[in-house]
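Please examine the sequence and the model that follow. The explanation begins with the sheet, passes to the helices that cover it, and ends with individual residues.

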Amino acid sequence: MSNIIIGVSGPSGSGKSLFSKSISCNFDLNNEVVIISEDGYYKNRPDLTFEERSLQNYDHPDAFEHELLFKHLLDLKSKKFINVPQYDYVSHLRKKETTKILPCSVIILEGILLLADEKIRQITDIKIYMDSPLDICLSRRIYRDSVERGRDIESVITQYNNHVRPMYFKFVEPSRKHADIIVPKGGKNHIAIDVIKAKIAQLINQNN
């Protein structure tokens with residue numbers, strides 16, 4: 001069984017997670033299709049205080065342990081299981097628990113800087129870029145971080161202005177040129193979802 005890696009990248013709040021979940025539905029999750037988030041590979045910095053961790057730039061490539069992610073992808077391609085880190089957004093630390101992932105036909109990888117990393121880009125078979133307007137991305141991020149992650153709105157906006165927006169123009173937007181498919185309208189682009197789902201079904205049938 002050979003597996004296919006589908007990379008879903010784009011700015012924070014562009015609909016990557018929703019799109020990844022949408023293209024994976026109707027398939028046997030964790031058997032035929034698995035979703036891995038780049039966020040799990042944020043570097044663990046217990047050596048820093050909470051205040052110091054809160055000030056880190058989490059939208060720069062150096063914030064991620066991409067070498068471990070790359071190794072894990074190679075392990076899956078070699079039919080080995082992996083233990084994906086779980087990240088706690090409140091404490092800015094990795095949790096003690098990990099998520100065991102078994103090799104399967106299709107690996108959906110989602111994150112903001114996947115296409116900016118050459119090694120990960122080279123082993124990604126289908127590269128997708130979510131092209132959503134920045135004002136929509138910001139409104140989604142404010143809702144997500146305040147409601148789902150318990151952060152105050154002022155800190156979310158400060159982080160957006162200081163880190164998220166500058167890193168978008170420096171790293172995320174330039175990586176758009178590496179995409180095979182560019183998806184407008186975020187995670188609710190049903191035509192793009194149906195096209196990718198059909199491709200996933202084809203790939204799974206080829207492996208059976």
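Two strands are taken to pair if DSSP finds at least two bridges between them. The model discussed here is predicted.

With that criterion, five strands form an open sheet in the order 2-5-1-6-7, and their pairing is parallel. Strand 2 (33-37) and strand 7 (181-184) are the edge strands, each pairing on one side only. On average, neighbouring strands of this sheet are turned by 20° against each other, direction ignored.

At one edge, strand 2 pairs with strand 5 (residues 106-110) in the parallel sense over five bridges. Within this pairing, Val 33 stands opposite Val 106 of strand 5.

Two helices may be considered next. Helix 1 (residues 16-24) lies across strand 1 (4-9), strand 2, strand 5, strand 6 (126-131) and strand 7, and runs at about 165° to strand 5. Helix 7 (residues 190-207) also packs on the sheet, where it touches strand 1, strand 2, strand 5, strand 6 and strand 7. The direction of helix 7 makes about 145° with that of strand 5.

The surroundings of Val 106, a residue of strand 5, can be described in more detail. Is Val 106 buried or exposed? Val 106 counts as buried because its relative accessible area is 0%, and the cut-off for burial is under 20%. Apart from neighbours within four places in sequence, Val 106 is in contact with Ile 4, Ile 6, Glu 32, Val 33, Val 34, Ile 200, Leu 203 and Ile 204. The C-alpha atoms of Val 106 and Asn 205 are separated by 11 Å, although these residues are 99 residues apart along the chain.

Helix 6 (residues 153-172) calls for separate treatment. This helix has 20 residues, yet its end C-alpha atoms are only 23 Å apart, short of the 28 Å that a straight helix would reach at 1.5 Å a residue. Where does helix 6 bend? A bend of about 50° is found at Tyr 160.

The buried residues of helix 6 are Val 156, Gln 159, Tyr 160, His 163, Val 164, Met 167, Tyr 168, Phe 171 and Val 172. They pack against strand 6 and helix 5 (134-148). Tyr 160 is thus both the site of the bend and one of the buried residues.

His 163, likewise in helix 6, has a relative accessibility of 18% and therefore counts as buried, the limit being under 20%. Not counting residues up to four places away in sequence, His 163 touches Leu 55, Gln 56, Asn 57 and Asp 59.

Key: Residues are numbered from 1 along each chain as its sequence is written. This is a predicted model: local features need pLDDT of at least 70, side-chain atom pairs count only at pLDDT 80 or more; totals for chains, interfaces and linings use all residues. Side-chain values use heavy atoms; hydrogens and water are left out. Helices (H or I, at least four residues) and strands (E, at least two) are DSSP runs, numbered from the N terminus. Axes are lines fitted to C-alpha atoms, for helices over the stretch in contact, and angles run from 0 to 180 degrees between N-to-C directions. Contact means heavy atoms within 4.5 Å. The expected span of a helix is 1.5 Å times one less than its number of residues. The bend at a residue is the angle between axes fitted to the seven residues ending there and the seven starting there. Buried means under 20% relative accessible area, exposed over 50%, partly exposed in between (1.4 Å probe, protein chains only).
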